[in-house]
Amino acid sequence: MATMTALHERGLLAHELIRRKMRTPIVHLHTQMPLADIREWHREIHGRSPSSGLLPSMSTLLPNRGSQIHVSLFAAIYRRLGGDRVLQEIDIHALVEAWDLFDGLTAHVDRKRPADLTDAWVIARDLRAKSAQMHRCGKCFSPYLVADDCKLPPSCPMCHAIRQSGSGKSFRADASIETPLIGLSGATMLRGT
Ligand SMILES: [Zn+2]
């Protein structure tokens, strides 16, 4: 009976992943459900066949500084929920939870990356592979993501945005206030971009 329960739970997880637009092979990887079943569920949920083709890369997720703030926000939430273990293996439950939280915080953003659970998974995969790392800014203390596979300079996107907006002076006065979660400062700043 334990096997039936485990199978049922993996089926439920597969549905949750498909609903959040995770690509079929990745759903299979994390649930071990048959690919034919996953494709069929995808058609039932989304009304069309699952897309094939290449997975997005970190360079497509990080075309500019604005996108680095979004990706960093997602990565910080995922790291916070999953803990240090996510540097060793992908925590699929923390990934879903982080995606839902990020998606809610950025609901007002029209075209954002990560755009779905597939994009989010690519970030989680590269954090585990160490080809992307989280850093903490020595100036504003925000966590931010730096990836090997992108053209952005490996510096803080928050400080960059603040320099661009010319509001560095007023920000300096606030820098002593502790910011426990990037989501608050990050989400507020994103509203203007
Ligand atoms: Zn900074």
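Reader: Let's start with a loop residue: how many C-beta neighbours does Phe141 have inside 10 Å?
Author: First, this is a predicted model, where local features need pLDDT of at least 70, side-chain atom pairs count only at pLDDT 80 or more, and totals for chains, interfaces and linings use all residues. Numbering starts from 1 along each chain, following the sequence as written. Phe141 sits in the loop between β1 (132-136) and β2, with elements being DSSP runs numbered from the N terminus (helices H or I, at least four residues; strands E, at least two). A residue is buried with 20 or more other C-beta atoms within 10 Å of its own, exposed with 12 or fewer and partly exposed in between, C-beta atoms being placed from the backbone, so Phe141 counts as partly exposed, its number of neighbours being 16.

Reader: And the backbone there: what is the phi of Phe141 near?
Author: Most residues other than glycine have a negative phi. Phe141 isn't a glycine, yet its phi is positive, near 65°.

Reader: Which residue that is not a glycine has a positive phi of about 60°?
Author: Look in the loop between α2 and α3, right where α2 ends. The residue is exposed, having 11 other C-beta atoms within 10 Å. Its positive phi is about 60°, and its name is Gln32.

Reader: Which peptide bond is cis?
Author: Most peptide bonds are trans. This one has omega near 0°, and its proline is found in the loop between α6 and α7. It runs from Arg113 to Pro114.

Reader: How are the elements of the protein chain ordered from the N terminus on?
Author: The protein chain has 10 helices and 2 strands. Along the chain they run α-α-α-α-α-α-α-β-β-α-α-α.

Reader: Why are the buried residues of α3 on the same side, and what arc do they cover?
Author: α3 (residues 35-46) has 12 residues and spans 16 Å between its first and last C-alpha, close to the 16 Å expected at 1.5 Å a residue (the expected span is 1.5 Å times one less than the number of residues). Its buried residues are Ile38, Trp41 and His42. They share a side of α3 because their arc around the axis, taken over the directions from the helix axis to the C-beta atoms, is only 105°.

Reader: Which residues are exposed on the other side of α3?
Author: An α-helix has 3.6 residues a turn, so residues three or four places apart point the same way. On the other side of α3, the exposed ones are Ala36, Arg43 and Glu44.

Reader: Where does the largest share of the largest nonpolar core come from?
Author: A nonpolar core is a set of buried Ala, Val, Leu, Ile, Met, Phe, Trp, Tyr and Cys residues joined through C-beta atoms within 7 Å. The largest one has 38 residues, of which Phe74, Leu95, Ala120 and Ile123 touch the most other members. At least two residues each come from α1 (2-19), α3, α5, α6, α7 (117-128) and β2 (143-147). The largest share, 8 residues, is from α5.

Reader: Why does this core lie between two domains, and which are they?
Author: The bounds come from an automatic or database domain assignment. The core lies between the two because both give residues to it: domain 1 (2-46) and domain 2 (58-190).

Reader: How many of the 18 residues in α5 are buried?
Author: α5 reaches 25 Å from its first C-alpha to its last, close to the 26 Å expected. It is followed by Gly83, with a positive phi near 70°. α5 itself is mostly covered, and the number of its buried residues is 13.

Reader: Which residues is Leu95 in contact with, leaving aside neighbours within four places in sequence?
Author: Contact requires C-beta atoms, placed from the backbone, within 7 Å. By that rule, the partners of Leu95 are Tyr78, Ile90, Ala120, Trp121 and Ala124.

Reader: What is the mean pLDDT, and over which residues is the pLDDT below 50?
Author: pLDDT is the predictor's confidence in each residue, from 0 to 100. The chain's mean is 89, with 85% of its residues at 70 or more. Where pLDDT is low, the predicted coordinates should not be read in detail. The stretch below 50, which has 24 contacts beyond near neighbours in sequence, is residues 173-193.

Methods: Contact = placed C-beta atoms within 7 Å.
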